[in-house]
Amino acid sequence: MDADALSPNERFLLGFHRSHPGATSEFFGLARTPEGGDSYDRLAALVREGDDAVVLDLACGDGFLLERIGQRRGSRVRRIGLDMSADELAAAARRLGPDVLLLNERAQAISLPPASVDVVLSHMALMLMDDPASVIAEIHRVLRPGGVFSAIVDGGPAPGGGFACFVASLRRTIRTSGRAPLSLHHPIVLSREGLLAHLGDAAGFSAARVEELVVSLREPPARLWELMCLTYDVVQLSPGELESTRRDFLDAVEALRDADGRVGSSVGLRQLTARKRG
């Protein structure tokens, strides 16, 4: 992959994941859905038991979802992971071993043949990708007729919890600094309508739907702060700004402690699912 051809956002993401491989799975592997699982379970469930399906994970990170699929769906599933971060792929290779094909590529130019994949999945990445229309066109190209695409994307912090306190503290720090906040999310992926508009008949998909969900975790304040530091926005802070944000955050969540001294934190997500027309 030609690093010189990457956009500024892509270069930022590569730098972050070089320093923080596995950050996404560390956070979202702890966060539970109302059903008691996690958001990775929502995607893994689309690979049916006993299938000899070919499954592609776009922006697979450290391989957490692919490992989950292998554990729950058996060895008949052929798993492929794609990520533009060589550092995340190195972590994925250690986690998954030699039986999973790992591709160091951008999702806008997938090297797989047409109609070669049964299921394409993506966890917390589609909203970060440049030119989502090109990504969706590539997904359509590699899917077999009747194949399924599903992605979990960001829906924002749920009001009132620890994550909302973190966002408020971060915004105060950035506003004081005079810098503009990071803008990594592509606008068309920020709304339900935008997602559905790019997965309709014109894109070659049918039965597109978007489900709203919330995932939650409860952690001691210090551990919750550690998890908040795995978010992209923290990277732009100076050491002094980071400490100021930490103190502000810990002060804000003090009133939210439960009887065990833990603080609840919830994040809104959206799951987009569609099927390639046969």
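Q: How are helices and strands assigned and numbered here?
A: This is a predicted model. Helices and strands are DSSP runs, a strand having at least two residues. Their numbers run from the N terminus.

Q: Which strand holds serine 216?
A: The element spans residues 205-219. Serine 216 has its place there, in strand E6.

Q: How many helices and strands does the chain have?
A: Both kinds of element occur in the chain. The totals are 10 helices and seven strands.

Q: What is the radius of gyration of the chain, and why does the chain count as being as compact as a globular protein of that length?
A: The globule rule gives 19 Å for 278 residues. The value for the chain is close to that, so the chain is as compact as a globular protein of that length. Its radius of gyration is 19 Å.

Q: What share of the contacts between residues at least 6 apart in sequence joins residues at least 24 apart?
A: Contact means heavy atoms within 4.5 Å. Take the pairs at least 6 apart in sequence. Those joining residues at least 24 apart make up 77%.

Q: Is serine 216 buried or partly exposed?
A: Buried means under 20% relative accessible area, and exposed means over 50%. Serine 216 has 29%. Therefore serine 216 is partly exposed.

Q: Is serine 265 buried or exposed?
A: Serine 265 lies in strand E7, residues 263-276. The cut-off for burial is under 20%. The relative accessible area of serine 265 is 2%, so this residue is buried.

Q: Which residues does serine 216 contact, leaving aside its neighbours within four places in sequence?
A: Serine 265 and serine 266 are among them. Three other names complete the list. In full, the contacts are Leu30, Ala31, Arg32, Ser265 and Ser266.

Q: What distance separates the side chains of serine 216 and serine 266 in their polar contact?
A: A polar contact needs a pair of N or O atoms within 3.5 Å. The side chains of serine 216 and serine 266 form such a contact. Their distance is 2.7 Å.

Q: Which residue's backbone nitrogen does the side chain of serine 265 reach?
A: Serine 265 touches Gly162, Phe163 and Leu224, among others. One of these touching residues offers its backbone nitrogen at 2.8 Å from the serine 265 side chain. That residue is phenylalanine 163.

Q: What is the separation of the C-alpha atoms of serine 216 and arginine 172?
A: Along the chain, serine 216 and arginine 172 are 44 residues apart. In space, their C-alpha atoms are separated by 24 Å.

Note on methods
Residues numbered from 1 in each chain as written. Predicted model: local features only at pLDDT ≥ 70, side-chain atom pairs only at ≥ 80, totals over all residues. Heavy atoms only, no water. Helix = DSSP H or I, 4+ residues; strand = E, 2+ residues; numbered from the N terminus. Rg over C-alpha atoms; globule rule 2.2 N^0.38 Å. Buried < 20%, exposed > 50% of the residue type's maximum accessible area, 1.4 Å probe, protein only. Polar contact = N/O pair within 3.5 Å; in protein donor to acceptor, adjacent residues only side chain to side chain.
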